[in-house]
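Welcome! Please take a look at the structure below, and let us walk through some of its parts together.

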Amino acid sequence: MSRSVSAAPDIARLKRQLAELVALRSENPPGREFEVALYVRDQLAPLGFEVVFDEFKPGRVNIEAKLANGPGPVFAFNTHMDVVPAGEGWSSDPFVLRESEGRLYGRGACDCKGPLAAMLEAVRLLAADRAAWSGTLLAVFVADEEIASEGAKLYASRKPHIDFAVVGEPTSNTVYSAHKGSLRPLVRVLGVPAHSGSPHLGENAIYRAGELLSLIAQTHENDVRHRSHPLVGSASLTVTRIHGGHADNVLPGACELLLDRRLVPGEDEDAVKADIAAMLRLAHERTGLRTEIIEWKPTTGGATETAPDRPIVLASLAACRAHAIAEPGPFGFQGACDLVHFRSTGAEGVVIGPGSLSVAHKADEFVPADEFAVSSLIYRDIAKAMLAG
């Protein structure tokens with residue numbers, strides 16, 4: 001590595017920036033990522049980055065900061081600027097960063113303002129050491145990952161040229177190269193309403209929905225769970241919500257079920273939608289059950305993977321090992337994230353970040369201070385490896 005003032009992260013600056021980011025209340029809903037994007041602009045524009053805002057709804061914005069440094073690949077850091085609502089049960093103000101016993105507490109500390117702050121530090125180090133790499137460095141921070149990934153989907157739909165991407169999510173600084181996806185159809189089971197004193201004159205949609213529940217469970221057990229991937233495990237099909245009836249004395253004429261179908265890498269979303277439609281047709285053929293899919297609820301997106309022998313995965317594993325991560329992976333997310341959308345642009349990528357998903361979305365969310373500092377170096381070293389020319 002070349003000798004440079006950028007050889008180590010500025011720990012005080014890292015913590016200060018995380019505190020400033022946590023204080024910006026970008027809870028989703030409603031989002032309000034605009035203030036975070038302004039903060040990012042103010043940090044990176046003075047370093048020579050060309051900054052572009054894309055406000056696609058009022059207050060909902062993506063930001064792309066670009067630093068061109070000679071010929072070479074395009075490398076992107078990405079994470080999201082929204083956080084889940086703070087909720088109840090905190091030991092201290094969730095929007096005031098608190099340090100205690102080596103932990104930094106605050107909403108978004110690990111998901112995902114910790115990775116965001118570490119990426120800001122990494123690009124600062126890279127900007128200060130431009131002799132060590134050649135190519136184009138992007139910092140792409142997006143809106144709405146916590147609900148429907150509107151920001152990443154919009155960004156990817158414009159087909160930016162990106163060769164390699166590192167997506168920031170809490171992984172305890174290990175490498176995740178695959179993740180599951182999800183589809184959520186809202187299914188309405190139809191009945192015939194009648195006075196509850198004369199149920200024989202109608203058809204109880206809740207009873208009929210019970211028949212569909214059995215078929216859903218059988219479909220999961222006999223088919224879906226056998227679709228497996230070595231890093232993320234098995235696909236799944238389950239029901240997460242049910243609602244039926246509109247009055248205490250009326251036989252329900254409709255009952256709605258929200259299905260949650262988790263996809264594994266290699267599964268095609270259109271094919272899975274066709275499978276669900278076929279299951280509903282089978283229910284009709286067997287019992288006369290009448291159903292309709294009202295809508296497909298928004299989700300983060302589909303499943304994806306980057307093959308374990310690809311250069312970005314190997315460079316990421318090497319960077320983690322170089323910073324004392326004993327078992328760096330690669331692993332696979334049970335949930336979903338925005339990697340799938342960067343993969344759709346043609347980029348190869350991985351997911352890495354400080355902190356653990358086990359504390360994300362909960363009260364007293366935290367990121368370990370040592371992991372937080374090390375992640376900025378891991379990010380920097382991956383970028384240098386991929387932009388080495």
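## A sheet of three strands

In what order do the three strands of the open sheet 4, 5 and 20 stand? The order is 4-5-20, and the pairing is antiparallel. Keep in mind as you look that this is a predicted model. Strand 4 (98-100) and strand 20 (366-368) are the edge strands, each pairing on one side only. On average, neighbouring strands of this sheet are turned by 25° against each other, direction ignored.

Now look at one pairing in detail. Three bridges connect strand 5 (residues 103-105) with strand 20 in the antiparallel sense. Here Tyr105 stands opposite Phe366 of strand 20. Helix 9 (residues 369-386) packs on this sheet and touches strand 4, strand 5 and strand 20. The direction of helix 9 makes about 70° with that of strand 20.

## A sheet of four strands

Another open sheet has four strands, in the order 13-15-9-16, and its pairing is antiparallel too. Strand 13 (236-244) and strand 16 (290-297) are at the edges with a single partner strand each, so one side of each has no neighbour in the sheet. From one strand to the next, the twist averages 25°.

Strand 9 (residues 181-190) and strand 15 (residues 254-263) run antiparallel and are joined by eight bridges. One bridge partner to look for is Leu263 in strand 15, which goes with Gly181. Helix 5 (residues 205-222) packs on the sheet, where it touches strand 9, strand 13, strand 15 and strand 16. The direction of helix 5 makes about 15° with that of strand 15.

## The nonpolar cores

In soluble globular proteins, nonpolar side chains tend to be buried together. In this model, the largest nonpolar core has 62 residues, and Phe75 and Phe77 are those with the most contacts inside it. Helix 3 (residues 113-127) gives the most to this core, with nine residues.

Which residues is Phe75 in contact with, leaving aside its neighbours within four places in sequence? Among them are Leu137, Phe164, Ile312, Ile382 and Met386. Apart from the largest core lies another core, of 25 residues, including Val189, Ala235, Val264 and Met279.

## Aromatic rings together

The count of aromatic pairs comes to seven. One of them is the pair of Phe75 and Phe77, which is edge-to-face, with 5.0 Å centre to centre and 80° between the planes. Both Phe75 and Phe77 are buried.

Why is the pair of Phe77 and Tyr379 edge-to-face? The ring centres are 5.7 Å apart and the planes are at 65°; planes over 60 degrees apart count as edge-to-face, so this pair belongs there. This pair links distant parts of the chain, since Phe77 is in strand 3 (residues 74-80) and Tyr379 is in helix 9, 302 residues apart. Tyr379 has 0% relative accessibility, so it counts as buried. Together, Phe75, Phe77 and Tyr379 form one aromatic cluster.

## The buried side of a helix

Helix 4 (residues 150-157) has these buried residues: Gly151, Ala152, Tyr155 and Ala156. They cover an arc of only 125° around the axis, so they are on the same side of helix 4. Among the elements that cover the buried residues of helix 4 are strand 1 (50-57), strand 2 (60-69), strand 6 (135-142) and helix 8 (339-343). Helix 4 is followed by Lys159, and the phi of Lys159 is positive, near 55°.

How values were computed:
Residues are numbered from 1 along each chain as its sequence is written. Side-chain values use heavy atoms; hydrogens and water are left out. Two strands pair if DSSP finds at least two bridges between them. Helices (H or I, at least four residues) and strands (E, at least two) are DSSP runs, numbered from the N terminus. Axes are lines fitted to C-alpha atoms, for helices over the stretch in contact, and angles run from 0 to 180 degrees between N-to-C directions. Contact means heavy atoms within 4.5 Å. A nonpolar core is a set of buried Ala, Val, Leu, Ile, Met, Phe, Trp, Tyr and Cys residues joined through side-chain atoms within 4.5 Å. Buried means under 20% relative accessible area, exposed over 50%, partly exposed in between (1.4 Å probe, protein chains only). The arc is that of the directions from the helix axis to the C-beta atoms. Rings of Phe, Tyr and Trp (its six-membered ring) pair if their centres lie within 6.5 Å; planes under 30 degrees apart count as stacked, over 60 as edge-to-face and the rest as tilted.
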